[in-house]
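These are my notebook entries on a single chain. I began with the sheet and then turned to the helices and individual residues.

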Amino acid sequence: MSRLMLIACLVLPVLVGCKKEDASQAQVKAPMSAPTTDDRQAWVDYLNDVVPRNMAGIANQPYVYLLPGTSEPDFQEQYNRLVEKAQSDVARGIISGNLLAYASPASDKMADLVVTAFDGVPVDSMKGVRVLFIGNAADSDRVQAAVTPAGVEYVFVDTAR
């Protein structure tokens, strides 16, 4: 009887571990599609899906910059504030192990913002930092050209899928 109890005690944690593994595999979701509107909450939900998928090897909380669509009544004011914040963050210096994520339904304006934020950043000063640009393919090359001299790893996610 004591042998059966010992065997049960040894096998039970293995079986529980297998069930936990199966549960975690079942929770993997398919990637969300990018919103086709300027709906802010839809974009927040989308970023909450895309950003974690691009965090492999990143140890710190990401910097996420979401610019609203141009249909917002105070778009220019929000754009100006976000440019100022992005420039300040980059000028202060971003250390290795961080991710900067930039997204907007106004991809061209977000590309402008990234180019402005990285203007004057010293060459190779941001090695080990990942820049995630979520937007239109037409804007990707311009963003990549602006951020690459800083030594970042550039990742692009096309919202036009």
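**Crossovers and sheet**

I looked first at the connection on the far side of β3: β3, α5 and β4 form a β-α-β unit, and its hand is right-handed. I note here that the model is predicted.

I then traced the other connections. β2, α4 and β3 likewise form a β-α-β unit that is right-handed. Strand β1 (residues 63-66) pairs with strand β2 (residues 99-103) in the parallel sense, over four bridges. Between these two strands the chain passes through helix α3 (residues 75-92), and this β-α-β crossover is right-handed.

Next I established the strand order. The sheet is open and has four strands in the order β1-β2-β3-β4, with parallel pairing. Which strands stand at the edges? They are β1 and β4 (153-158); each has a single partner strand, so one side of each lacks a neighbour in the sheet. I recorded an average turn of 15 degrees between neighbouring strands of this sheet, direction ignored. Helix α2 (residues 40-53) packs on the sheet and touches β1, β2, β3 and β4. The direction of α2 makes about 150 degrees with that of β1.

**Strand β3**

I examined the pairing of β3 with each partner. β2 and β3 pair in the parallel sense over five bridges, and β3 and β4 do so over six bridges. Y102 stands opposite F133 in β3. On the β4 side, F133 has F156 as its bridge partner, and G135 has D158.

I then checked burial, taking under 20% relative accessible area as buried. Six of the six residues of β3 are buried, so the strand is largely enclosed by the rest of the structure. In a regular strand the side chains alternate between the two faces of the sheet. I therefore listed the two sides of β3 separately: R130, L132 and I134 lie on one, V131, F133 and G135 on the other, and all are buried.

**Helices α3 and α4**

I described this helix pair by angle and distance. The axes of α3 and helix α4 (residues 107-118) come within 8 Å and cross at roughly 35 degrees. Their crossing is right-handed. From α3, the contact includes F75, Y79, L82 and V83; from α4, it includes M110, L113, A117 and F118. I counted the residue classes in this contact as ten nonpolar, two polar and two charged.

**S107 and D139**

Is S107 buried or exposed? S107, which is found in helix α4, has 2% relative accessibility and therefore counts as buried. Setting aside residues up to four places away in sequence, I found S107 touching F133, G135, N136 and D139.

I followed the last of these contacts. D139 lies in helix α5 (residues 137-147) and, at 8% relative accessibility, counts as buried. Beyond its neighbours within four places in sequence, D139 is in contact with S107, D108, A111 and F133.

**D124**

I closed with a backbone check. Most residues other than glycine have a negative phi. D124 is not a glycine, yet has a positive phi of about 60 degrees. I located D124 in the loop between α4 and β3 (130-135). With a relative accessible area of 40%, D124 is partly exposed.

Terms used:
Residues are numbered from 1 along each chain as its sequence is written. This is a predicted model: local features need pLDDT of at least 70, side-chain atom pairs count only at pLDDT 80 or more; totals for chains, interfaces and linings use all residues. Side-chain values use heavy atoms; hydrogens and water are left out. Two strands pair if DSSP finds at least two bridges between them. A crossover is right-handed if, with the strands pointing away from the viewer, the path from the first strand over the helix to the second runs clockwise. Axes are lines fitted to C-alpha atoms, for helices over the stretch in contact, and angles run from 0 to 180 degrees between N-to-C directions. A crossing is left-handed if the near helix is turned anticlockwise from the far one by less than a right angle, and right-handed if clockwise. Contact means heavy atoms within 4.5 Å. Ala, Val, Leu, Ile, Met, Phe, Trp, Tyr, Cys and Pro count as nonpolar, Asp, Glu, Lys and Arg as charged, and the others, Gly among them, as polar. Buried means under 20% relative accessible area, exposed over 50%, partly exposed in between (1.4 Å probe, protein chains only).
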